Amino acid sequence: MHFGGMRSENTVEIRYILTLKEITKDIYNFELLTLDNTIVNTNNDGFTDIHKIVTQAQKALNEVEFLTDRKGNIRKILNLKNIQEKWNVVKRESMEYSKIMTSLTELLSINDNNFEQMGGVAQMVMDIEFYDLFIKNIYGRKYPFTIEKTKSNFFRNIDIPYYLDYSNGKKEASSNIIL
């Protein structure tokens, strides 16, 4: 990633617990918990500051219960009220930082719109990398398969390319995700 004109190498580890709570004929009921979001390695102190801000802003989505169809599309966020209440707490906690950093005020404003608009929280959940890579893309497909795509970062200012090779374990690949 290029950050302020210099190349920045960053590794972040995010741990999740995904619980499949119920299966009906057409719907899956999932609970997705974000356990932690830790910088493992970085050569850029500025990235550390940005990571703290993003992690703070994402706290409202640390516990999400939702329904999906058989293709992984979110049909309903079951704990939407709770998430919106958490967002208001996160926003209040973040206001002190926003006095120092005007970009944080802009980020809070963008997220405010997402939390208030119809379908905004569902879209944010679908934008979580874990959801996108391990829920959305694996349903309704025949294994093995490969996906090439780009995904915007949290700030929506850069597209991140992904090459995903989903395998049933019967073939070797350089960047394999075995399910």
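The legends below describe close-up views of one predicted model.

**View 1. Overview of the predicted chain.**
The model is a prediction for a chain of 179 residues, of which 35% are buried. Five helices and nine strands are present. From the start of the sequence to its end, they follow the pattern β-β-β-β-α-β-β-α-α-α-α-β-β-β. Among the contacts with a separation of 6 or more, 53% join residues that stand 24 or more positions apart.

**View 2. Confidence along the chain.**
The mean pLDDT of the chain is 79, and a value of 70 or more is reached by 81% of the residues. Confidence is highest in strand β5, with a mean of 96, and lowest in strand β9 (residues 176-178), with a mean of 41. The pLDDT lies below 50 over residues 173-179, although this stretch has 18 contacts in the model beyond near neighbours in sequence. Where pLDDT is low, predicted coordinates should not be read in detail.

**View 3. The open sheet of four strands.**
An open sheet is formed by four strands in the order β3-β4-β5-β6, with antiparallel pairing. Its edge strands, β3 (10-23) and β6 (74-77), each pair on one side only. On average, and with direction ignored, neighbouring strands of this sheet are turned by 35 degrees against each other.

**View 4. The hairpin of β3 and β4.**
Strands β3 and β4 form a hairpin, and four residues lie between them. Strand β4 covers residues 28-42 and runs antiparallel to β3, to which 13 bridges join it. One position to find in this view is Thr19, whose bridge partner in β4 is Glu31.

**View 5. From β4 through β5 to β6.**
Six bridges link β4 and β5, which pair in the antiparallel sense. Across this pairing, Asn29 stands opposite Leu67 in β5. Strand β5 comprises residues 63-68 and also pairs with β6, again in the antiparallel sense, over three bridges. Here Phe66 has Ile77 of β6 as its bridge partner.

**View 6. Asp69 in the loop between β5 and β6.**
Asp69 is placed in the loop that lies between β5 and β6. Its relative accessibility is 12%, and therefore Asp69 counts as buried, the cut-off being under 20%. Which backbone nitrogens does the side chain of Asp69 reach at 2.9 Å? One is the backbone nitrogen of Lys71, which lies 2.9 Å from a polar atom of the Asp69 side chain. The other belongs to Asn73, and the side chain of Asp69 reaches this nitrogen at 2.9 Å as well. With neighbours within four places in sequence left aside, Asp69 is in contact with Asp26, Ile27, Tyr28 and Arg75. Of these contacts, Tyr28 belongs to strand β4, while Arg75 belongs to β6.

**View 7. Helix α4 and the nonpolar core.**
Helix α4 (residues 120-127) lies across β5 and β6 and runs at about 120 degrees to β6. The largest nonpolar core has 31 residues. Which of its residues touch the most other members? They are Leu61, Phe66, Ile77, Phe115, Val121 and Val125. Two of these residues, Phe66 and Ile77, are also the bridge partners described for β5 and β6. Val121 and Val125 fall within the residues of helix α4. When residues up to four places away in sequence are not counted, Val121 touches Leu61, Ile77, Leu80, Ile83, Asn114 and Phe115.

**View 8. Gln84 in helix α2.**
Gln84 lies in helix α2, which covers residues 80-98. Is Gln84 buried, partly exposed or exposed? Gln84 counts as partly exposed, because its relative accessibility is 24% and this class lies between 20% and 50%. Gln84 and Phe115 are 31 residues apart in sequence, while their C-alpha atoms are 6.3 Å apart in space. Phe115 is also one of the core residues that touch the most other members.

**View 9. Asp132 in helix α5.**
Asp132 lies in helix α5 (residues 129-136). This residue counts as buried because its relative accessibility is 9%, under the cut-off of 20%. Beyond residues up to four places away in sequence, Asp132 touches Met126, Asn137, Lys149 and Lys151. Of these, Met126 falls within the residues of helix α4. Asp132 and Lys151 are 19 residues apart in sequence and 9.4 Å apart in space, from C-alpha to C-alpha.

Technical notes:
Residues are numbered from 1 along each chain as its sequence is written. This is a predicted model: local features need pLDDT of at least 70, side-chain atom pairs count only at pLDDT 80 or more; totals for chains, interfaces and linings use all residues. Side-chain values use heavy atoms; hydrogens and water are left out. Two strands pair if DSSP finds at least two bridges between them. Helices (H or I, at least four residues) and strands (E, at least two) are DSSP runs, numbered from the N terminus. Axes are lines fitted to C-alpha atoms, for helices over the stretch in contact, and angles run from 0 to 180 degrees between N-to-C directions. Contact means heavy atoms within 4.5 Å. A nonpolar core is a set of buried Ala, Val, Leu, Ile, Met, Phe, Trp, Tyr and Cys residues joined through side-chain atoms within 4.5 Å. Buried means under 20% relative accessible area, exposed over 50%, partly exposed in between (1.4 Å probe, protein chains only). A polar contact is a pair of N or O atoms within 3.5 Å; within protein, one must be able to donate a hydrogen and the other to accept it, and residues adjacent in sequence count only if both atoms are side-chain atoms. pLDDT is the predictor's confidence in each residue, from 0 to 100.
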